[in-house]
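Me: I should like to take a close look at a single part of this structure, namely a pair of helices and how they pack. Please give one connected answer.

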Amino acid sequence: MRIGVFLVAAGFPGRAPGDVLRGTVEAIEAAEKAGFDDAWIAEHHFMSYGVCPSAVTLAAVALGRTSRITVGTAVSVLSAQHPVALAEQAAILHHVSDGRFRLGVGRGGPWLELEVFGTGTARFERGFPESLDLLCAALNGGPVAADGEFFRFREVAMVPQARMSPVVACTSEGTVRLAAERRLPMLLGLHIGDEERAEMITAYDACDVPPAAHVGAALGYVADTTEQAVREMRESLPRWLGPGLAGYVPVDGRPPPRRDIPEYVDLLCRIHPVGSAEHCVEKITTTAARTGLRHLILMVEGAGDHRRTLENIARLGAEVLPAVRQSLNPGAA
């Protein structure tokens with residue numbers, strides 16, 4: 001069982017973006033010391049929900065500050081950038097980190113970056129398969145060329161070459177099928193529980209492809225009691241989620257997404273490892289049993305305070321990770 005941390009670089013009120021970014025790197029250093037397997041960095045543009053607009057850039061900083069832990073992007077928004085340029089950046093990090101970098105990509109949404117960066121809504125609406133195929137071709141260790149709807153260029157050598165396979169964020173039946181057809185592992189988000197995750201993995205397997213090492217994101221927060229942990233999340237998360245989710249502005253006039261914030265927080269606390277150490281262990285092992293997932297990444301910033309984030313990472317590492325690993329691998333030393 002692999003367990004990592006998931007850093008949104010959440011812009012809680014009162015925290016300057018520069019402090020959040022520095023704190024994100026410090027959290028990854030703390031996760032390495034605490035025994036986590038990997039750390040994944042989110043990417044958002046023009047909003048306080050997440051203040052990191054370049055996950056690969058921040059991953060580079062984190063890789064330079066660590067020596068063991070794998071660092072990945074969860075995710076780099078493929079609809080807002082050129083896939084070959086992203087492949088070049090991924091190849092650099094792959095080589096200089098001795099293979100400790102993982103690239104996660106997603107389609108993104110119909111948000112303002114499509115307008116600002118000039119990629120347009122068409123790339124978002126129908127260009128993701130072409131972008132993903134070009135990215136994979138550019139990470140296949142050889143030259144790459146394109147003659148599609150969105151990308152056309154002569155054959156070029158990839159320098160440096162790298163052989164990597166991205167992880168694909170999947171939120172719909174279409175992206176599940178897309179990932180399965182290309183035999184790429186899925187990244188499953190915070191907003192779904194075990195039943196829906198199991199259904200998506202079953203749909204992936206139904207495409208008659210080999211099993212893949214999928215990744216599931218979850219809120220992870222440990223306190224002395226489950227009641228205390230839930231109370232603290234109910235107090236802190238709405239301060240971030242309210243203004244953060246309001247930052248999702250559609251570029252094409254469609255209605256913006258709406259969520260009942262208290263209801264959403266209750267859902268997250270109910271379906272994810274939020275509670276005492278014993279409760280967190282039970283939640284993680286139950287998720288593994290119900291879904292078959294053997295890789296979870298825990299969003300650890302829920303308290304909204306950098307000191308408490310570091311404390312949360314340390315407690316999860318000391319009180320939860322060893323018990324989960326012992327439960328799922330009883331013969332391990």
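Me: How do the axes of helix 9 and helix 10 cross, and within what distance do they come?

Reply: The model shown here is predicted. Two packed helices are described by the angle between their axes and the distance between the axes. Helix 9 covers residues 226–246 and helix 10 covers residues 261–271; their axes cross at roughly 130° and come within 9 Å. Angles from 65 to 115 degrees count as roughly perpendicular and those over 145 as roughly antiparallel, so helix 9 is oblique to helix 10. The crossing of the two helices is right-handed.

The residues that form the contact can be named on each side. Helix 9 contributes Val230, Met233, Arg234, Leu237, Pro238, Leu241, Gly242 and Leu245. From helix 10, these residues are met by Ile261, Tyr264, Val265, Asp266 and Cys269. Sorted by character, the residues of this contact comprise ten nonpolar, one polar and two charged.

The nonpolar cores of the model may be considered next. The largest nonpolar core has 76 residues, and the members that touch the most others are Phe36, Phe101, Leu103 and Leu135. Apart from this core lies another, of 36 residues, and Cys269 is among them, as are Met47, Ala223 and Tyr248. Cys269 therefore has two roles in this description: it is one of the helix 10 residues in contact with helix 9, and it belongs to a core of buried residues joined through side-chain atoms within 4.5 Å.

Conventions
Residues numbered from 1 in each chain as written. Predicted model: local features only at pLDDT ≥ 70, side-chain atom pairs only at ≥ 80, totals over all residues. Heavy atoms only, no water. Buried < 20%, exposed > 50% of the residue type's maximum accessible area, 1.4 Å probe, protein only. Axes fitted to C-alpha atoms, helices over the stretch in contact; angles between N-to-C directions. Helix = DSSP H or I, 4+ residues; strand = E, 2+ residues; numbered from the N terminus. Parallel < 35°, antiparallel > 145°, perpendicular 65-115°, else oblique. Left-handed = near helix turned anticlockwise from the far one by under 90°. Contact = heavy atoms within 4.5 Å. Nonpolar A, V, L, I, M, F, W, Y, C, P; charged D, E, K, R; others polar.
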